[in-house]
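Trainee: Hi! Have you got a few minutes to go through a model with me?
Mentor: Sure, put it up and ask away.

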Amino acid sequence: MGITFSGLENNNAYVEWCNSHPNGYVLNKRNKSTLHRATCKTVTRHGRIDSDTSQKHKVATSSYAKVCYETREEMLAELGAKDINRCGHCKP
Ligand SMILES: [Zn+2]
């Protein structure tokens with residue numbers, strides 16, 4: 001099972017998780033979720049949802065929850081058969 005971070009109160013824990021799991025994966029939960037590597041700048045820029053948003057002062061976990069997986073095997077076990085987007089920048 002991945003670890004879910006959501007809400008303002010979990011943002012710092014999410015950022016720390018990404019920093020301490022450089023080989024991990026992050027699922028950005030949306031209508032159609034997008035998978036990233038934990039090192040992808042679009043999900044690790046502190047205080048931002050991603051680099052495509054012009055909205056300032058938002059934190060990573062406020063609008064879209066993040067589900068984090070420590071290993072590729074864990075990620076594939078949960079998401080391998082699901083219809084998700086894969087980030088074009090980090091190519092997870
Ligand atoms: Zn990415």
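Trainee: Let me start in the middle of things. In strand 3, which residues are buried, and on which sides?
Mentor: Strand 3 is covered on both faces. Thr 34 and His 36 are buried on one side, and Leu 35 and Arg 37 are buried on the other. Keep in mind that this is a predicted model.

Trainee: Good to know. How confident is the predictor, on average?
Mentor: The average pLDDT of the chain is 84, and 82% of the residues score at least 70.

Trainee: And where does pLDDT stay under 50?
Mentor: That happens over residues 48-56. The model has 12 contacts beyond four places in sequence for that stretch.

Trainee: OK, zooming out. How many helices and strands are there?
Mentor: The chain has three helices and five strands. Starting at the N terminus, the order is β-α-β-β-α-β-α-β.

Trainee: How do the strands line up in the sheet?
Mentor: The five of them make an open sheet with mixed pairing, in the order 1-4-2-3-5. Strand 1 (3-5) and strand 5 (85-86) are the edge strands, each pairing on one side only.

Trainee: Back to strand 3, then. What sense does its pairing with strand 5 have?
Mentor: Parallel, over two bridges. Thr 34 has Asn 85 as its bridge partner in strand 5, and Leu 35 stands opposite Arg 86.

Trainee: And how do strand 2 and strand 3 pair?
Mentor: Those two are antiparallel, with four bridges. They form a hairpin that has five residues between the strands. Tyr 25 stands opposite Arg 37 of strand 3 there.

Trainee: What holds these strands together in a sheet, as a rule?
Mentor: Sheet strands pair through backbone hydrogen bonds, in either a parallel or an antiparallel way.

Trainee: Switching to helices. Which residues of helix 1 are buried?
Mentor: Tyr 14, Val 15 and Cys 18. Looking down the axis of helix 1, the buried residues fall within an arc of 100°, so they line one face of the helix.

Trainee: What about the other side of helix 1, buried or exposed?
Mentor: Exposed, with Glu 16, Asn 19 and Ser 20 found there.

Trainee: And what covers the buried residues of helix 1?
Mentor: The cover includes strand 1, strand 2, helix 2 (41-44) and strand 4.

Trainee: Let's look at the nonpolar core. Which residues of the largest one touch the most other members?
Mentor: Of its 15 residues, those are Cys 18, Tyr 25, Val 26, Ala 38 and Cys 68. Helix 1 (11-20), strand 2 (25-28) and strand 4 (66-69) are the elements that each give two or more residues to this core.

Trainee: Ala 38 caught my eye. What does Ala 38 touch?
Mentor: Leaving out residues up to four places away in sequence, Ala 38 touches Cys 18, His 21, Pro 22, Gly 24, Tyr 25, Val 26 and Cys 68.

Trainee: Last one, on the whole chain. How much of it counts as buried?
Mentor: The figure is 27% of the 92 residues. As for contacts with a separation of 6 or more, 64% of them join residues 24 or more positions apart.

Trainee: Great, thanks for the tour!

Definitions and conventions
Residues are numbered from 1 along each chain as its sequence is written. This is a predicted model: local features need pLDDT of at least 70, side-chain atom pairs count only at pLDDT 80 or more; totals for chains, interfaces and linings use all residues. A nonpolar core is a set of buried Ala, Val, Leu, Ile, Met, Phe, Trp, Tyr and Cys residues joined through C-beta atoms within 7 Å. A residue is buried if 20 or more other C-beta atoms lie within 10 Å of its own, exposed if 12 or fewer, and partly exposed in between; C-beta atoms are placed from the backbone. Two residues are in contact if their C-beta atoms, placed from the backbone, lie within 7 Å. Two strands pair if DSSP finds at least two bridges between them. The arc is that of the directions from the helix axis to the C-beta atoms. pLDDT is the predictor's confidence in each residue, from 0 to 100.
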